[in-house]
Amino acid sequence: MYDIIILGSGPAGLTAAIYASRAGLKFAVIEKEYLGTGQIAFAERVDNYPGFYGTDGYSLGEKLREHAETLGTEFIEGEVAALAKSGSVWNISLSDGGKLEAKAVIYALGASPRKLGIKGESEYLGRGVSYCALCDGAFFAGKTVAVIGGGDTALSDALYLSKTAEKVYLIHRRDTFRANKTLSDKVKAADNIELVLNAVPTEIAGGENAEIIIITHDGTSRAVAVSGIFVAVGTVPNTALVKGIAELDETGYIKAGEDCVTAAAGLFAAGDVRTKNVRQVITAAADGANAVISAGKYLDNYQ
Amino acid sequence: MPARITAAEFETEVLGAEVPVLADFYSDSCIPCKRMSPILSQLETEYAGKLKIVKINTNFESDLTEKYGVLAAPTLILFKNGEEVSRIRGAVKKDEIIKIL
């Protein structure tokens, strides 16, 4: 049996691994994706992590991973299917049938892109619908695309796509953007970005590939011809596995303070899954450290 | 590591190959593509002689990308005797690639 099983290999999970290793604990990290480092890998540039000015998120993730590997971290590839406690033992079931036991669990499964939840969205995934402009933008060079959202990601996606696409519709449900002013100004100044405000997409349609997005605005709907639809409407915490085990807030985050202690004894929440004000690499890393310290105290009195 | 090929080599390296060919349509700015890279290298070794794996950079080979209607990176297309027999859109686990081979 492990002292600690760390679920997730993003900055919170990897930092927890570093601290667990230095504490001499028997532990392992469960990673959903082979050699994955979580959402940070997708950040084009990270300028607010001390000591790494000007790095890209992928490289920073690799550095964190290398650090954890050097200290002897055991990584287990697998997707957690279920988490349950029997007596004082945590049972972790993986989707491939694997089972693990631990005295304590650090839950650091991060967040995933939020879906629109409209007709056609999943059907046309990879056939026009994308959650990654950097990955798939090039396929829409010279074509018309739509970006959905009003935050930093949506606006930087729109700008990135506007360099190669013929035209970009930026569809946002409000009339103001949440994104920072620099980005908003650039988007407003771009010739080939058309703002569609106070509007929500209600359906994606087409043939083999997506061809049309239906937009509803003031109760009326219209169809807009697009080849690509880039969804950037925020993220949702991956906390479905602890519903009924830990306490969640109304938006799905696990209720826990800076010590990462949750309502379930022996379960510690670290990183983007936890209720907190700032969700960045630095606060994820801080959580990883705090979670191991709290878990250590729990293990000292473990029976 | 699978070799990168150009459109000029596609005919002989992929369509005319004697073994099945898995073509990885990738791009440099795509993180899921980077994640797939070590998995494809493992498969190349494990299936040596039975399967060929090639990489096609979609930033440079827009004609091939367009011809095969690739709209997501990575896209893996399996060719047998010059014909597409299977396709995976987006990054997947190693087991899911093995399933189509």
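**Exercise 1. Find how far apart the centres of domain 1 and domain 2 of chain A are, and say which residues each domain covers.**

Solution. Over C-alpha atoms, the centres of domain 1 and domain 2 of chain A are 33 Å apart. Domain 1 takes in 2-112 + 235-300, while domain 2 is 129-231. These bounds come from an automatic or database domain assignment.

A quick word on what you're looking at: this is a predicted model, where local features need pLDDT of at least 70, side-chain atom pairs count only at pLDDT 80 or more, and totals for chains, interfaces and linings use all residues. Residues are numbered from 1 along each chain as its sequence is written, and chains are lettered from A and ligands numbered from 1 in the order in which they are written.

**Exercise 2. Describe the largest nonpolar core and work out where it lies relative to the domains of chain A.**

Solution. Start with the terms. A residue is buried if 20 or more other C-beta atoms lie within 10 Å of its own, exposed if 12 or fewer, and partly exposed in between, with C-beta atoms placed from the backbone. A nonpolar core is a set of buried Ala, Val, Leu, Ile, Met, Phe, Trp, Tyr and Cys residues joined through C-beta atoms within 7 Å.

Next, the core itself: the largest one has 113 residues, and Ile6(A) and Phe268(A) are among those with the most contacts inside it. Helix 6 (residues 281-300) of chain A is the element that gives the most, with 7 residues. (Helices are DSSP runs of H or I, at least four residues, and strands are runs of E, at least two, numbered from the N terminus.) Both domains of chain A give residues to this core, so it lies between them.

Last, zoom in on Ile6(A). Leaving out residues up to four places away in sequence, its contacts include Ala16(A), Phe27(A) and Ile106(A). Being in contact takes C-beta atoms, placed from the backbone, within 7 Å.

**Exercise 3. Work out how many residues each chain brings to the contact between chain A and chain B.**

Solution. Chain A brings 17 residues and chain B brings 18 residues. On the side of chain A that touches chain B, helix 3 (residues 133-136) gives the most, with 3 residues.

**Exercise 4. Trace the sheet of chain B and find its edge strands.**

Solution. First count: chain B has 4 helices and 5 strands, running β-α-β-α-β-α-β-β-α from the N terminus on. The open sheet has the strand order 1-3-2-4-5, with mixed pairing. Strand 1 (3-4) and strand 5 are at the edges with a single partner strand each, so one side of each has no neighbour in the sheet.

Now look at one pair. Strands 4 and 5 of chain B are antiparallel, over 6 bridges; strands pair if DSSP finds at least two bridges between them. Thr75(B) has Arg89(B), in strand 5, as its bridge partner.

**Exercise 5. Pick out the backbone oddities, and say whether Asn198(A) is buried or exposed.**

Solution. Keep the background in mind: most residues other than glycine have a negative phi, and most peptide bonds are trans. Asn198(A) has a positive phi, near 50 degrees, and sits in the loop between strand 11 (193-196) and strand 12 (199-206) of chain A. Asn198(A) counts as exposed because it has 12 C-beta neighbours inside 10 Å.

Over in chain B, phi of Asn81(B) is also positive, near 50 degrees. Finally, the peptide bond joining Ala73(B) and Pro74(B) is cis, with omega about -5 degrees. You'll find Pro74(B) in the loop between helix 3 (62-67) and strand 4 (75-80) of chain B.

Terms used
Contact = placed C-beta atoms within 7 Å.
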